Amino acid sequence: MGVIAAVKLSPDRPLDIGEVLRGLEHYRPRRKGWTWRRPVAEQGIGPFVYRETSESLAHSVPLPAARDFGGIDPQCDMVITTEIASGRFEDDLRRMRMAAWHGADHIMVIRTTGQSHIDGLIEGTPEGVGGIPVTRKQIRATRKALDAIEDEVGRPINFHSYVSGVAGPEIAVLFAEEGVNGAHQDPQYNVLYRDINMHRSFVDAAESKRILADSGILQLDGAHNANATAREAWKVTPELFVQHAINTGYSRAAGMPADLIALSTVPPTAPPAPKLRLDLPYAVALRELFSDYRFRAQQNTRYMQTDTLETSVTHVLDTLISRLTSADIQSTITPDEGRNIPWHYNNIAGINTARQTLMGLDGLGDLVTVREEGPLRKQVRELKERAVLFLEEILADGGYYAAVEAGQFVDSGFYPERNGDGIARDPQGGDGAGTVIPREPGYGAPVCSHFGHNYYDPANGRACDAYGGCTLCDPSKIRYIDEPDPEDCVAQRLQRPLAERAAGLLRPEVEKHGDGIVCVTLFVPGETATAEAAALEMARRMGLGNPEVISRRVMHPAEGSLFELKGVLDVAIAVDELQLPGQADVLPEADIEAWVRPRDIHIVAATVGEDEHSVGLHEILDIKHGGIEKYGFHCHVLGTSVSIEALLDMAEQTAASAVLISTIVTHADMHCRHMQHLHDAAEQRGLLPRLLLVAGGSQVTDALARAHGMDAGFGRGTTGRDVASFLVQTLRDREPA
Amino acid sequence: MGCKERPDNFEQSRVRLRELSDEELHARFRELVDRIVEPLIEEARTHTTPSIERSVLLRMGFSSVECRNLVTQMQARGLLGHGAGRLVLELARARGLSVREAGMALLEGQHWELLPL
């Protein structure tokens, strides 16, 4: 399979959507089937040796704290999923690229509302709602962009979508042809949640599963949806075993190998429920009953509210359960899913929750095991027995279809308890009822990956040999349809974004290109309802269009509440009118050392005021932290909580060329006062002409420092080399020629 | 819509499972699942649907629009039980056409009277 018109990405340039769309009719996927990460045992990365990591990336954005560990970005051994659903695939591609840079290698594309009920394939690039319409052009463009993104980050990316609804077998063929790597396929999902006729759903599913299996596409099931639907999600756990079992058993019977079957499982509860006590026995029982299969661990959505921090904490606990038991794939949920269609930066937040947790838990199994004695074993056994009883009743009552008809599924009772609130379906009803047709004795399907009785079932060769091969054997036979609708298509949607980009205009966005949506956080000190009304009015006066409260957290019913509001900021900034702050010149390390070492330069440094912070200063000065001592400066460090007078005394004694102060405590603008005090005292002693004054601290900026009499200021992210470059450049300029 | 309400009678119901070892319980679980799945997969082996038939024609090199038109007409004429792919391939063989030519001829309204072959 040749790759035609491949896209090459450069880390400093945005994805060119025009390049992705060019030559699509000739594009072929470079590989088929699922790819796992490649684990590396005992991997040394930076200062650490990891137990549960995989090969590192060529390009990525590390976790924020990595700054203190040399910028390392270890990758866990589990595949990490993010779900992407903006409705416009062209915007999703940029989101996928951001996600890949943060460590996602399983991109799950949600389908537009209602696609399950469309009897056949959709073509072109129409806009979707809550997801994209899955069409050949959209998935081909997406796969092509992902090829470029995986080259950029240096790791294969699995592309995933859904084989459900009344067009399952056609979508399965499409996915096999276009190099989709993973898919949801579970006929029970159609029956319970989409009211698609159960006979149609199961007959279609066998064909779909056979197609997926032959293409090496990893299958996920849909059992986790029962968690998301049930009122008391932890009580449907016996049913979840039953649903997993039916889809798994059916998949095996249709010819799918065990290693392509992944069970989609969610820890069912969230705090303040005693989460681990309920969720861990369930997770253990599931992995014991289905030990032959893969596990896709999903994070909980059932109890998500609008507080993204609360959600993230639940997701950390979910991920802990994955590490305490096992997971092949750790899926992530955007923490804002409870309040809006996910925003792209929240995909990244969700990925980082999993990545940060899994790195923190690396090697946990060497230290901690789940206790076999105690309550766990009893709970595990009980869950399995409840599931066996459920299966027995299905058979006793006449099989699966009869059980669904009787409303046995998604009942909120803890089986065998029944609350009478399950989802009942008529075996002869639902979408697609009456469309299942008996095969005639001579029924034939002259294609590969076909399931069931078939006239063309050659003992040797392929069923498609009679006409030179089907599209799965000869992809040149695939019929590509470009755009059936000249209005509802990507070219129309791109007109404004491409024009604005060409004009160098930037707008804020969270979901679609230049949508203008911004989020503001406001604390309002008043009674809750009044505070909310005031917050909305404040957003209006900020000039935000359609302001809406998306999160409210009561700090105290009378003292005030915290609100997050979204609204549209209708502002386009012209890039070439921007004044960018000048970047200080950083000198080559060899040049710094060559100038400093022969000159015997002394520097006096301390943390000033009532301030015991010393970390920042050590990083700038100490040789072992890569500080400026290594260039040959003589550093006299006086410690913490040092007075300005003591500092200047030492500067005089050592004939220092510079004084460096660190000022971390900032309340009541203490940092500004310290800088001003240093300047005034040095001036009084007549030191200013020969003594450079430099301040550093997390809230210090160069402009602020200069405004308070310093020669320079250094804030967050400063390195010893930055400070040394400034000192050398300034002292060199002052040297007599 | 749901089933009849019932209290949690687990303690009585589990009595006969109590004697089973964990391995025996797992084996019982798998055996029950196989028995539930068997009639479902048998129906799939012996039946087809419009989506399966469209997916067969897709694999034979027809576009989604062509597949929909062909299968809709075959279904209306009660021919789908023979298999859309078989109808097209056998027509091609009988008339000395390529598979694609046979399908296009059907789309133009020709040769329907010959089906099934």
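The following exchange concerns a predicted model and treats the interface of chain A and chain B, then a strand of chain A.

Colleague: How many residues of chain B are in contact with chain A?

Modeller: Contact is counted here for heavy atoms within 4.5 Å. On that basis 87 residues of chain A take part. Their counterparts in chain B number 64 residues.

Colleague: Which three residues supply 10% of the area that chain A buries against chain B?

Modeller: The area buried between the two chains is about 6,600 Å², and carbon and sulfur atoms give 63% of that area. On the side of chain A, no other three residues supply more than the trio in question. They are R381(A), I437(A) and R479(A).

Colleague: Which residue of chain A meets D22(B) in a salt bridge?

Modeller: Between chain A and chain B the count is 11 salt bridges. In the one that involves D22(B), the distance from N to O is 3.5 Å, which is within the 4 Å that the rule allows. The partner of D22(B) is K384(A).

Colleague: Which element gives the largest share of the side of chain A that touches chain B?

Modeller: The rule finds 36 residue pairs in polar contact across this interface. Elements that give two or more residues to the side of chain A include α4 (168-178), α8 (237-253), α12 (375-396) and β14 (437-438). The largest share is 14 residues, and the element that gives it is α12(A).

Colleague: How many residues on the side of chain A that touches chain B are nonpolar?

Modeller: The residues on this side divide into three classes. Of these, 17 are polar and 24 are charged. The nonpolar residues number 46.

Colleague: Which residue of chain B stands opposite P438(A)?

Modeller: β14(A) is joined by two bridges to strand β1 (residues 47-48) of chain B. These strands run antiparallel. Within β1(B), the residue opposite P438(A) is H47(B).

Colleague: Are V659(A) and I661(A), which point one way from β22(A), buried or exposed?

Modeller: In a regular strand the side chains alternate between the two faces of the sheet. A658(A), L660(A) and S662(A) point the other way from V659(A) and I661(A). Five of the five residues of β22 (658-662) in chain A have the same status, and V659(A) and I661(A) are buried.

Colleague: Which residue of β23(A) stands opposite L660(A)?

Modeller: Strand β20 (residues 602-607) of chain A runs parallel to β22(A) and is joined to it by five bridges, with I603(A) opposite A658(A). β22(A) also pairs in the parallel sense with strand β23 (residues 692-696), over five bridges. In β23(A), the residue opposite L660(A) is V694(A).

Technical notes:
Residues numbered from 1 in each chain as written. Chains lettered and ligands numbered in written order. Predicted model: local features only at pLDDT ≥ 70, side-chain atom pairs only at ≥ 80, totals over all residues. Heavy atoms only, no water. Buried area = accessible area lost by both parts, 1.4 Å probe. Salt bridge = Lys/Arg side-chain N within 4 Å of Asp/Glu carboxyl O. Polar contact = N/O pair within 3.5 Å; in protein donor to acceptor, adjacent residues only side chain to side chain. Helix = DSSP H or I, 4+ residues; strand = E, 2+ residues; numbered from the N terminus. Nonpolar A, V, L, I, M, F, W, Y, C, P; charged D, E, K, R; others polar. Pairing = 2+ DSSP bridges. Buried < 20%, exposed > 50% of the residue type's maximum accessible area, 1.4 Å probe, protein only.
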